[in-house]
Amino acid sequence: LAQATTRVYLTFPTTRRAPAMAFLLLRSRQRAVAAVRVAARGYGTSLPIPNVPAGSGTIFHSRMQTPKYSLSNPKWFAIFFAMNMGVYLGHYFYLRFMMRQNPPNPPRDPANTGAPEKHMHTVEDE
């Protein structure tokens with residue numbers, strides 16, 4: 001079986017169309033840049049942003065804003081797992097020792113003396 005193959009040839013613009021296509025390409029890039037500028041104005045602040053004083057290098061160093069409470073990774077995970085263990089153990093302690101147990105069901109009456117004569121939901125056909 002012979003398959004028909006289609007070949008696509010790329011044609012380059014002629015010298016008459018080249019300046020027009022270059023202009024359109026430049027124009028589309030300018031529009032894209034303008035759109036990015038408009039999108040960049042969509043967030044941020046309307047207040048003036050202060051400039052860094054000359055020679056300062058870093059504006060806020062780490063000694064200026066020390067965290068109030070800081071835990072290392074091992075300490076944080078130790079507290080986290082201890083808390084989890086306490087929650088689970090407390091739950092099972094309550095179930096086992098504090099919560100009331102239901103009494104066992106009474107044995108069934110083999111004679112079934114308390115049964116009604118007619119079921120309350122039966123349809124009456126007369």
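## Starting at Trp 76

Let's start with one residue: Trp 76 has a relative accessible area of 42%, so Trp 76 counts as partly exposed. Keep in mind that what you are looking at is a predicted model.

Trp 76 has an aromatic partner, Phe 77. The two rings sit edge-to-face, with 5.0 Å from centre to centre and 80 degrees between the planes. That label fits because planes over 60 degrees apart count as edge-to-face. Phe 77 is partly exposed too, at 38% relative accessibility.

## More rings

How many aromatic pairs does the structure hold? There are five. If the numbers seem odd, remember that a pair of aromatic rings is described by the distance of the centres and the angle of the planes. Trp 76 and Phe 77 also belong to one aromatic cluster, together with Phe 80 and Phe 81.

Another pair to look up is Phe 93 with Phe 97, which is tilted: the centres are 5.2 Å apart and the planes make an angle of 45 degrees. Both of these residues lie in helix H2, four residues apart, and that spacing is about one turn of the helix. Are they exposed or partly exposed? Phe 93 is partly exposed, with a relative accessible area of 44%. Phe 97 comes out at 59%, and because exposed means over 50%, Phe 97 counts as exposed.

## A nonpolar patch on the surface

Phe 93 and Phe 97 turn up again in a nonpolar surface patch of about 1100 Å². The other residues that make this patch are Met 83, Val 87, Tyr 88, Tyr 92, Tyr 94, Leu 95, Met 98 and Met 99.

Take Met 83 from that list. You'll find Met 83 in helix H2, which covers residues 73–98. Why can Met 83 be part of a patch? Patch residues need over 30% relative accessible area, and Met 83 is partly exposed at 44%.

## The whole protein

Now step back. The protein has two helices and zero strands. What share of the 126 residues is buried? The answer is 0%. As for the outside, the accessible surface comes to about 14000 Å², and carbon and sulfur atoms account for 61% of that area.

## After helix H2

Asn 112 is in the segment after H2. Its phi is near 55 degrees, a positive value in a residue other than glycine.

One last kind of contact is worth a look. Side chains of opposite charge can pair when their charged atoms come close. A search of the whole structure finds one salt bridge. Which residues form it, and how far apart are the closest N and O atoms? The partners are Glu 124 and Lys 118, with those atoms 4.0 Å apart. Glu 124 and Lys 118 are both exposed.

Terms used
Residues numbered from 1 in each chain as written. Predicted model: local features only at pLDDT ≥ 70, side-chain atom pairs only at ≥ 80, totals over all residues. Heavy atoms only, no water. Patch = residues over 30% accessible without salt bridge, like charges linked within 9 Å, V, L, I, M, F, W, Y side chains within 5 Å. Areas by Shrake-Rupley, 256 points an atom, 1.4 Å probe, with all protein chains shown as cover. Salt bridge = Lys/Arg side-chain N within 4 Å of Asp/Glu carboxyl O. Buried < 20%, exposed > 50% of the residue type's maximum accessible area, 1.4 Å probe, protein only. Phe/Tyr/Trp six-rings, centres within 6.5 Å; stacked < 30°, edge-to-face > 60°.
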